[in-house]
Amino acid sequence: MYIIAPKIIFTCDNDFNILQDKALLFNEKILQIDTLKNLQKNYPQAQLIQIDENSLLLPAFINPHTHLEYSANNGNLIFGDFLQWLDSIFNNRFVLNEKAKEKLILKNIHKMLKSGTATIGEISSFGSDLNPCIRSQARIIFFNEILGSNENFITEKKEDFLQRYEKSLMQKNSKFIPAISVHSPYSTHPELVKFAIQLAQKNNNLISTHFLESNHENNWLRFKKGGFKKSLSKFAKNPMSFYTPQSFLEFFKNQRTLFTHCVYLKEFELLDNNLHSITHCAMSNKFLSKKTFKLKQNLKYGINIHLGTDGLSSNTSLSMLDEMRANLLIHNDFELEKFAKILILMATNKAAKALNLNLGEIKKDKIADFSIFTLPNSANFDQLPLQFILQSKEVLKLFIEGKECKL
């Protein structure tokens with residue numbers, strides 16, 4: 001057992017309680033929260049971990065949506081318009097994947113750990129990210145991706161997916177959790193969607209899917225028109241829109257699903273508050289869709305909304321702190337002090353609930369995933385969450401399942 005005693009703790013419970021001069025007793029899970037004096041008296045065998053007296057402890061961040069196979073992007077892809085970006089993805093995807101060697105992916109995971117992220121949701125298109133994800137210190141939710149709109153290649157797509165999926169299942173443990181990604185409604189034939197969901201239900205897997213990310217997709221699903229017909233003609237002679245927004249959501253009716261982006265979503269009443277959540281990637285939306293998800297307006301629907309960075313294919317950073325700072329600038333309809341607390345919860349508590357993990361709060365019996373940062377200077381106590389986001393860059397220490405990461 002171990003004891004750690006920061007000056008301040010962000011518990012990241014629903015009320016965002018902040019504790020002063022309290023300590024944690026932990027092993028793989030958090031065992032007690034009390035004063036240092038009481039914990040040392042009651043648990044004399046526990047080892048005290050030395051940290052700076054001006055330290056801040058909070059749950060480790062959770063980033064549920066990355067594309068590490070695109071880690072080599074350095075200006076190769078076109079930002080500004082979603083279809084132009086998508087065409088550049090089609091043209092560069094194999095080159096970028098070839099350049100994203102194991103060393104580069106591990107380097108980017110290490111950067112994420114240093115910025116306080118312990119759990120990563122990785123969308124795996126090719127399977128080339130499997131080995132570095134297994135080797136990393138992070139907890140990985142490994143979303144094996146399926147896509148394909150041409151019905152002539154459905155069998156081939158299923159076989160390719162199953163090969164990658166079964167490889168990931170062989171590695172399953174508490175820190176490597178296989179899952180499934182349905183790429184999007186514009187790229188995935190209904191037969192492949194059914195196949196993926198049946199497999200997820202059989203094996204109790206999470207599902208992630210990109211949904212209503214751009215106005216091009218919005219026009220394609222709602223009105224069967226727009227630039228997608230030309231773009232998708234590379235893969236099928238006469239591409240068709242297989243879904244309306246309503247019919248696509250119907251597939252996921254009884255399935256725990258993370259819907260990523262949802263910039264143009266209107267059908268909030270079709271989402272299940274117990275099973276469905278939205279991954280908000282503000283920077284990616286800004287770069288590719290020219291607008292972003294209306295966060296403040298959409299919080300009123302009660303759906304669980306959490307933060308993600310997306311990949312370096314549509315962002316410049318995988319740091320959740322950078323993403324929170326971007327949100328502070330992009331969403332200018334919030335009061336800053338209140339919004340800072342919302343963002344930190346979206347990167348911890350809310351993301352853990354979306355992934356159905358016993359994480360995201362500093363609370364007895366939660367898994368001991370937490371980070372230690374230098375306590376920021378703050379004009380007053382109410383400013384601490386905001387100043388933490390503005391001033392923090394890297395952790396002093398990071399613990400996953402109670403074990404300190406080597407940073």
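In this predicted model, Leu 212 is buried, with a relative accessible area of 0%. Leu 212 is located in the loop that runs between strand 12 and helix 7. Its phi is near 50°, a positive value in a residue other than glycine. Most residues other than glycine have a negative phi.

The loop that holds Leu 212 leads from strand 12 to helix 7, and helix 7 itself comprises residues 215-223. Its buried residues are Glu 217, Asn 218, Trp 220 and Leu 221. These residues lie on the same side of helix 7, because they cover an arc of only 165° around the axis. The packing partners of the buried residues of helix 7 are strand 12 (207-211), helix 8 (228-232) and helix 9 (245-250). Just after helix 7, a positive phi of about 60° is found at Lys 224.

Strand 12 also belongs to an open sheet of eight strands, arranged in the order 8-9-10-11-12-13-14-15 with parallel pairing. The edges of the sheet are formed by strand 8 (61-66) and strand 15 (304-307), each of which pairs on one side only. On average, and with direction ignored, neighbouring strands of this sheet are turned by 25° against each other. Within the sheet, strand 13 (residues 257-261) and strand 14 (residues 276-280) pair in the parallel sense over four bridges. In this pairing, Thr 257 stands opposite His 276 of strand 14. Helix 3 (residues 102-114) packs on the sheet, where it touches strand 8 and strand 9 (117-124). The direction of helix 3 makes about 145° with that of strand 9.

A further packing arrangement involves helix 12 (residues 320-330) and helix 13 (residues 336-346), whose axes come within 10 Å and cross at roughly 140°. The crossing of helix 12 and helix 13 is right-handed. On the side of helix 12, the contact is made by Met 324, Asn 327 and Leu 328. Helix 13 contributes Leu 336, Phe 339, Leu 343 and Ile 344. Classified by residue type, the contact of helix 12 with helix 13 has six nonpolar residues, one polar residue and no charged residues.

Two asparagine residues in loops were also examined. Asn 356 lies in the loop between helix 14 (349-355) and strand 16. Its phi is near 60°, again a positive value in a residue other than glycine. Asn 356 is exposed, with a relative accessible area of 54%, whereas Leu 212 is buried.

Asn 377 occupies the loop between strand 16 (370-374) and helix 15 (384-391). This residue is exposed as well, with a relative accessible area of 64%. When neighbours within four places in sequence are left aside, Asn 377 is in contact with Gln 387 and Gln 391. The C-alpha atoms of Asn 377 and Phe 388 are separated by 8.6 Å, the two residues being eleven residues apart along the chain.

How values were computed: Residues numbered from 1 in each chain as written. Predicted model: local features only at pLDDT ≥ 70, side-chain atom pairs only at ≥ 80, totals over all residues. Heavy atoms only, no water. Buried < 20%, exposed > 50% of the residue type's maximum accessible area, 1.4 Å probe, protein only. Arc of directions from axis to C-beta. Contact = heavy atoms within 4.5 Å. Pairing = 2+ DSSP bridges. Axes fitted to C-alpha atoms, helices over the stretch in contact; angles between N-to-C directions. Left-handed = near helix turned anticlockwise from the far one by under 90°. Nonpolar A, V, L, I, M, F, W, Y, C, P; charged D, E, K, R; others polar.
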